[in-house]
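Student: I would like a close look at one part of this model, with the rest of the fold as background. Please take it step by step.

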Amino acid sequence: MRQHVNPLSKYFDEIEIIPHLNEIFEDSRLPLHVDIGSAAGDFLFDLASENTNWNYLGIEIREKLANHSKLRLKDFSMNNLYFAFGNANNIFSNPDYQFITNYMASISFNFPDPWFKKKHYKRRVIQPDLINFLSNSMKKGSLIFIKTDIKELFDFMHLIISNNVNFIKLDYKKFSPSESFNPNQIKTTREKYVISSKTYIFENIYIKI
Ligand SMILES: C[S@@+](CC[C@H](N)C(=O)[O-])C[C@H]1O[C@@H](n2cnc3c(N)ncnc32)[C@H](O)[C@@H]1O
């Protein structure tokens, strides 16, 4: 399987239909967490089975991984989890999908693809347009979580988010994981690998004001 796909390819211009939340979750009034780059879905399967008082939506650009997550979901009777295939940037630039961000309590970008070459920075998922869209559509008090082991990418993402006046970095002392989408601090697949290789993890949380 290819490790990376070019998110700017025309292939991703067409967006999968994501039904309204009351069609995909048993109780659409539960707080919604969206994970961008949900890969094979392990992290969200763990979260959704432990925290039945939250709804989880994973968005993944690699079709095989998204389909794998969807097939796996059919084998479990979980009514607080949903996976969508597509480029998060295209999904969120489509006004039809504003309902997702309107309802969202939080969104995570865990170990996004780094795209190291400068000419490829535009393929990185966190871009000013995406953050502007989130800032215009997320509720006050909702949260953005970013995590990576690559300092240069962390600085890039931090600069874009903090340039938006509607987001401020949250003081970790004021953050209580128990009230978040991940109360038991479950690790993502990439995170487990990074921890095992003893590499430092950079992370921030931003709050919409
Ligand atoms: C390095 S992996 C990390 C996977 C997972 N978040 C983790 O921490 O284990 C990055 C994932 O983001 C996906 N991805 C990259 N760009 C994306 C985009 N624009 N929209 C949705 N998914 C994206 C990749 O296909 C890949 O599965």
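Which elements each supply at least two residues of the shell around the ligand?

Tutor: This is a predicted model, so read every value below as computed from a prediction. Three elements each supply at least two residues of the shell: β2, α4 (88–92) and α8 (189–196). Helix α8 gives the most, with 3 residues. In total, 21 residues surround the ligand. The closest are Gly37, Ile61, Ala88, Thr188 and Arg190. By class, the shell has 10 nonpolar, 6 polar and 5 charged residues.

Now place β2 in its sheet. The chain has 8 helices and 7 strands. The 7 strands form an open sheet in the order β3-β2-β1-β4-β5-β7-β6, and the pairing is mixed. The edge strands are β3 (81–85) and β6 (167–169), each of which pairs on one side only. On average, neighbouring strands of this sheet are turned by 20° against each other, direction ignored. Helix α3 (residues 63–75) packs on this sheet and touches β2 (55–60) and β3. The direction of α3 makes about 155° with that of β3.

Start with the parallel pairs. Strands β2 and β3 run parallel and are joined by 5 bridges. One pair to find on screen is Glu60, whose bridge partner in β3 is Phe85. Strand β1 (residues 32–36) also pairs in the parallel sense, with β4 (residues 104–110), over 5 bridges. There, Val34 stands opposite Ile107 of β4.

Next come the antiparallel pairs. Strand β5 (residues 143–148) and strand β7 (residues 202–208) run antiparallel, with 6 bridges between them. Phe145 stands opposite Ile205 in β7. Strand β7 also pairs with β6 in the antiparallel sense, over 3 bridges. In that pair, Lys169 has Tyr206 of β7 as its bridge partner. Both kinds of pairing rest on the same basic link: strands of a sheet pair through backbone hydrogen bonds, either parallel or antiparallel.

Go back to β3, the edge strand that pairs with β2. Is β3 open to the outside or enclosed? All 5 of its 5 residues are buried, so β3 is largely enclosed by the rest of the structure. Look at its two sides in turn. In a regular strand the side chains alternate between the two faces of the sheet. On one side of β3 sit Leu81, Phe83 and Phe85, and on the other Tyr82 and Ala84. These residues are all buried, and both faces of β3 are covered. Phe85 thus appears twice in this picture: it is the bridge partner of Glu60, and it is buried on one face of β3.

Now the loops. Most residues other than glycine have a negative phi, and most peptide bonds are trans. Ala39 has a positive phi, near 50°. Ala39 is found in the loop between β1 and α2 (42–50). Is Ala39 buried or exposed? With 21 other C-beta atoms within 10 Å, where 20 or more count as buried, Ala39 is buried.

Gln185 has a positive phi too, near 50°. Gln185 lies in the loop between β6 and α8, and α8 is the helix that gives the most to the shell. Gln185 has 8 other C-beta atoms within 10 Å; the limit for exposed is 12 or fewer, so Gln185 is exposed.

Arg62 sits in the loop between β2 and α3. With 18 C-beta neighbours inside 10 Å, Arg62 counts as partly exposed. How far apart are the C-alpha atoms of Arg62 and Gln185? They are separated by 25 Å, and the two residues are 123 positions apart along the chain.

Finally, step back to the whole chain. Its C-alpha trace spans about 40 × 40 × 40 Å along the principal axes. A compact globule of 209 residues would have a radius of gyration near 17 Å; the chain has 16 Å, which agrees. Buried residues make up 35% of the 209 residues. Of the contacts with a separation of 6 or more, 77% come from residues 24 or more positions apart.

Definitions and conventions. Residues numbered from 1 in each chain as written. Predicted model: local features only at pLDDT ≥ 70, side-chain atom pairs only at ≥ 80, totals over all residues. Pairing = 2+ DSSP bridges. Helix = DSSP H or I, 4+ residues; strand = E, 2+ residues; numbered from the N terminus. Axes fitted to C-alpha atoms, helices over the stretch in contact; angles between N-to-C directions. Contact = placed C-beta atoms within 7 Å. Near = placed C-beta within 6 Å. Nonpolar A, V, L, I, M, F, W, Y, C, P; charged D, E, K, R; others polar. Rg over C-alpha atoms; globule rule 2.2 N^0.38 Å.
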